[in-house]
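Colleague: Before we discuss this model, could you put the sequence and the structure in front of us?

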Amino acid sequence: MRPRDENTRRGFLKTATAASAVTILSRSPEAEAAAEALAGAGPNDKVRIATIGMGIIGFIDTDCALKAPGVELVAAADLYEGRRTRVKEKYGDHVATCVDYREILDRKDVDAVLLCVPDHWHAKMSVDAMKAGKAVYCEKPMVQTLAEGPDVIKVQRETKAVFQVGSQFASSVVFEKLHEMIAAGAIGKLNVVEARYNRNSSLGAWQYTLPLDASPETVDWDRFLGQAPKRPFDATRFFRWRNYQDYGTAVAGDLFVHLLTAIHRATDSIGPNKVAAMGGLRYWDDGRDVYDVILSLLDYPAVEAHPAFTVSLQCDFEDGGGDATLFRFVGDEGVISTDLASLKLERTGITWPTPEQELKGYNSVQTFSQAQQDAIAAKLAAEPKKDRKKSAYDGAQTFKPPAGYDPRFDHFVKFFTSVRQGEPVYEDAVFGYRAAAPALLCNTSLYESKLIGWDPKAMKVTG
Ligand SMILES: NC(=O)c1ccc[n+]([C@@H]2O[C@H](COP(=O)([O-])OP(=O)(O)OC[C@H]3O[C@@H](n4cnc5c(N)ncnc54)[C@H](O)[C@@H]3O)[C@@H](O)[C@H]2O)c1
């Protein structure tokens, strides 16, 4: 069961009253309470963590996790020597480092592992770590292939391990507020969600810098490959693994999964039933075997939690207009848009013509005979006026997270609270798979030029 119910959400966000006012969102009371509980824990309640994969996000996640009270880093694993050295430089000599992640799983002094490795290792390490009795924070996407999902879910259920996927939007106050507003009817009936994650830089397009000492001596290449096809050492593949289907999940697996996590969070949805995507490699043709532009359409069927709606997702790595992350949740009474830095509600709603507009405006009436025009005018004069429904949300309103707000921190706080108290996590294996699977199906649709059916409840491809 999800720990978020009406009570835990109660009072979590201030409601804006004045039109056009900017309301600063407070942190979720869940996260506040969790942080307090963590802070109040005794020395024996320390959560001892180890990070597997000390690359870009490995350091970011570890730093963020260590900001939560009572969390201690005891070990880290990585395949590149320079990153193991960096762990010692940054966190101290007392932090143990190793190449083989199984050494970490064997350690009795590790309660939880952060899995910050390339996508092709997520499922295998998650399963091994849960079986070894560790709590797991696995970076998104939960799996590299569709086939891996059921096993991760099964092992989580069998071991009852605390398992949380690392898509931090699931814990963001922005999407919590969106969820609250949509549920309260702020946009009326949801019909479309548009989301985009566009970029305009080489780093944004995954051309990360390679270290000058990269070689088979400093990198454990065979271990990196794992189950992936064997090939000779290739530093570019190792340090820019996202560019290759053997190790990554392309743009959709990397970024759509964030968008879908946020959409599922905001709407309580479990997923689409139809997925289609198109795109191609248009600019960053540097040897990669993945596309750099993708546009997808996903149809969400009506269920108890929400009406039917259609999602359009976009990632364009050569958007010359600049970096642009944007969500628009469109309903018949209004639209909520967010670039993550703020959230804006506009309630124009559906408009109806005045009698004057209907008779004299851009419409068919003036083309009718005078007798017909007179009859229609008389009919309109006798009809009651069509008024828009009034709402507590009327007027334009803007909401902002507090300065310096980092959803990743809230996500970690929730994870560590679950580790301490054994509570179920929100972004569990089922949630993680239901966000990852449609993203992976976008890849299949693009690669195979076909529309794909998905049963989000049974979590199975339907055609
Ligand atoms: N939640 C987010 O916002 C977010 C952001 C970025 C990345 N990520 C995810 O984090 C993961 C890592 O991404 P990154 O950008 O940090 O990659 P990276 O290439 O910078 O780092 C990956 C590290 O994993 C190590 N590694 C690879 N295979 C290993 C193995 N078998 N055992 C031990 N170490 C191994 C590599 O040596 C490397 O240092 C990806 O799955 C990515 O999708 C999530």
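Modeller: Two residues are in contact if their C-beta atoms, placed from the backbone, lie within 7 Å. This is a predicted model, in which local features need pLDDT of at least 70 and side-chain atom pairs count only at pLDDT 80 or more, while totals for chains, interfaces and linings use all residues. Residues are numbered from 1 along each chain as its sequence is written.

Colleague: Among contacts between residues at least 6 apart in sequence, what percentage join residues at least 24 apart?

Modeller: The count leaves aside pairs that are not at least 6 apart in sequence. Of the contacts in the protein that remain, the share joining residues at least 24 apart is 72%.

Colleague: How are helix H6 and helix H7 oriented, parallel or antiparallel?

Modeller: Helices are DSSP runs of H or I with at least four residues, and strands are runs of E with at least two, numbered from the N terminus. H6 (residues 122–131) and H7 (residues 149–159) pack with their axes, lines fitted to C-alpha atoms over the stretch in contact, 10 Å apart. The angle between their N-to-C directions, on a scale from 0 to 180 degrees, is about 10°. Because angles under 35 degrees count as roughly parallel, over 145 as roughly antiparallel, 65 to 115 as roughly perpendicular and the rest as oblique, H6 and H7 are roughly parallel.

Colleague: Is Ser 215 buried or exposed?

Modeller: Ser 215 lies in the loop between strand E8 (190–198) and helix H9 (221–225). A residue is buried if 20 or more other C-beta atoms, placed from the backbone, lie within 10 Å of its own, exposed if 12 or fewer, and partly exposed in between. Since Ser 215 has 12 C-beta neighbours inside 10 Å, it counts as exposed.
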